Amino acid sequence: MIVRKSQAELEAMREGGRITAACLRMLAGSVRPGVTTRELDSLAEDFIHDHGGRPEFKGYQGFPASICASPNAMIVHGIPGPYRLKEGDIISLDVGVRYDGFVTDSATTVPVGEIPRETTRLLETTRRCLEAATEQTRTGNHLGDIGHAIQSLAESRGYGVVRDLVSHGVGRKMHEDPQIPNYGHPGTGPRLLPGMTFAIEPMISLGSYDIRLSEWDGWSIYTADGSLAAHFEHTVAVTEDGPWVLTENGGESG
Ligand code: MG
Ligand code: MG
């Protein structure tokens, strides 16, 4: 069942979403060669607590940290640790904050210093996939429109859309119904109604979309072929007035 939120609940989520957004911005600004992913995790944990939230990932099914930090061919769910960022890396940062009873979930992939033009294009395309999907997150559309927007843009540029991980409903729980594949056919699936809130998160690879779970830590998910992957995510509400990005920085929309 897709839980719909009241206007007051959406406003509470927006407040939490501001913390999530500000945390991600702070983290992106802290990325530089020599920084470890554990240091980023520590910065995020302090930031979230200082702003009255709780890092939702910490302890989630036993996850040991406050953020996911996934460099290069790691797509998602990287455990922060001793890995030291180096010039030319990309790092995907994923933050979930619980605030006033609700979770907001957002991610971005940022370059470490200078990166090749081909990698910049991957990041830019993944960000645009998220924008295109968000644009479809409106009353009367269908769930399949979201995945279709991601797939058509990514594949038109020759990239792979990860199939085994999905976008999802979000609210009082981090993962609510529905699961939203990041690919699909327009006009299929449930109709979108005001008050639905989704964490939309395209995961796009330079190569194959097949994935590999790390046997070493049981969390990290890599591209099976070792190609680079990018991940952008926003928590978005369906409203009468169009999509409302609850985890964006700055002013209101929707
Ligand atoms: Mg996330
Ligand atoms: Mg998510």
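Before anything else, let me say what I mean by buried: a residue counts as buried when its relative accessible area is under 20%. With that cut-off in hand, threonine 119, which has 3% relative accessibility, counts as buried. Please keep in mind throughout that what we are looking at is a predicted model.

Let me stay with this threonine for a moment. Threonine 119 is part of helix 3, and, if we set aside its neighbours within four places in sequence, it is in contact with Ile90 and Leu228. Between threonine 119 and glycine 88 there are 9.3 Å in space, taken from C-alpha to C-alpha, although the two are 31 residues apart in sequence.

Now I come to the metal sites. Which residues hold the magnesium ion that is ligand 1? Its protein donors are Asp94, which appears twice through OD atoms, together with Asp105 (OD) and Glu233 (OE), and they lie 2.0 to 2.5 Å from the ion. Along the chain, the donors of ligand 1 follow the spacing D-x10-D-x127-E. Aspartate 105 lies in strand 5, residues 102-111, while glutamate 233 sits in the loop between strand 13 (229-231) and strand 14 (234-239), so this pair ties together parts of the chain that are 128 residues apart in sequence. Both ends of that tie are hidden from the surface in the sense I began with, because aspartate 105 has 3% relative accessibility and counts as buried, and because glutamate 233, at 0%, counts as buried too.

The magnesium ion that is ligand 2 is coordinated by Asp105 (OD), His168 (NE2), Glu201 (OE) and Glu233 (OE), at 2.1 to 2.2 Å. Read in sequence, the donor residues of ligand 2 have the spacing D-x62-H-x32-E-x31-E. Here again distant parts of the chain are linked, since aspartate 105 in strand 5 and histidine 168 in strand 7, residues 167-169, are 63 residues apart, and both of these residues are buried. How far apart are the two magnesium ions? Ligand 1 and ligand 2 are 3.2 Å apart, and aspartate 105 coordinates both of them.

Let me turn to helix 4, which runs over residues 143-156 and has 14 residues. At 1.5 Å a residue the helix should span 20 Å, and its end C-alpha atoms are 21 Å apart, which agrees. The buried residues of this helix include Leu143, Ile146, Ile150 and Ala154. Against what do the buried residues of helix 4 pack? They pack against helix 3 (117-135), and also against strand 6 (160-161), strand 8 (176-180), strand 9 (197-200) and strand 10 (203-205), and I would remind you that helix 3 is where we met threonine 119. Just after helix 4, glycine 158 takes a positive phi of about 85 degrees.

Finally, I would like to show you a sheet. It is an open sheet of 3 strands, in the order 3-12-11, with antiparallel pairing. Its edge strands are strand 3 (74-76) and strand 11 (211-213), each of which pairs on one side only. On average, and with direction ignored, neighbouring strands of this sheet are turned by 40 degrees against each other. Strand 3 and strand 12, residues 221-223, run antiparallel and are joined by 2 bridges; methionine 74, for its part, has tyrosine 222 in strand 12 as its bridge partner.

Definitions and conventions
Residues are numbered from 1 along each chain as its sequence is written. Chains are lettered from A and ligands numbered from 1 in the order in which they are written. This is a predicted model: local features need pLDDT of at least 70, side-chain atom pairs count only at pLDDT 80 or more; totals for chains, interfaces and linings use all residues. Side-chain values use heavy atoms; hydrogens and water are left out. Donors are N, O and S atoms within 2.8 Å of the metal (3.2 Å for Na, K and Ca); water is not among the atoms, so sites may look incomplete. Helices (H or I, at least four residues) and strands (E, at least two) are DSSP runs, numbered from the N terminus. Buried means under 20% relative accessible area, exposed over 50%, partly exposed in between (1.4 Å probe, protein chains only). The expected span of a helix is 1.5 Å times one less than its number of residues. Contact means heavy atoms within 4.5 Å. Two strands pair if DSSP finds at least two bridges between them. Axes are lines fitted to C-alpha atoms, for helices over the stretch in contact, and angles run from 0 to 180 degrees between N-to-C directions.
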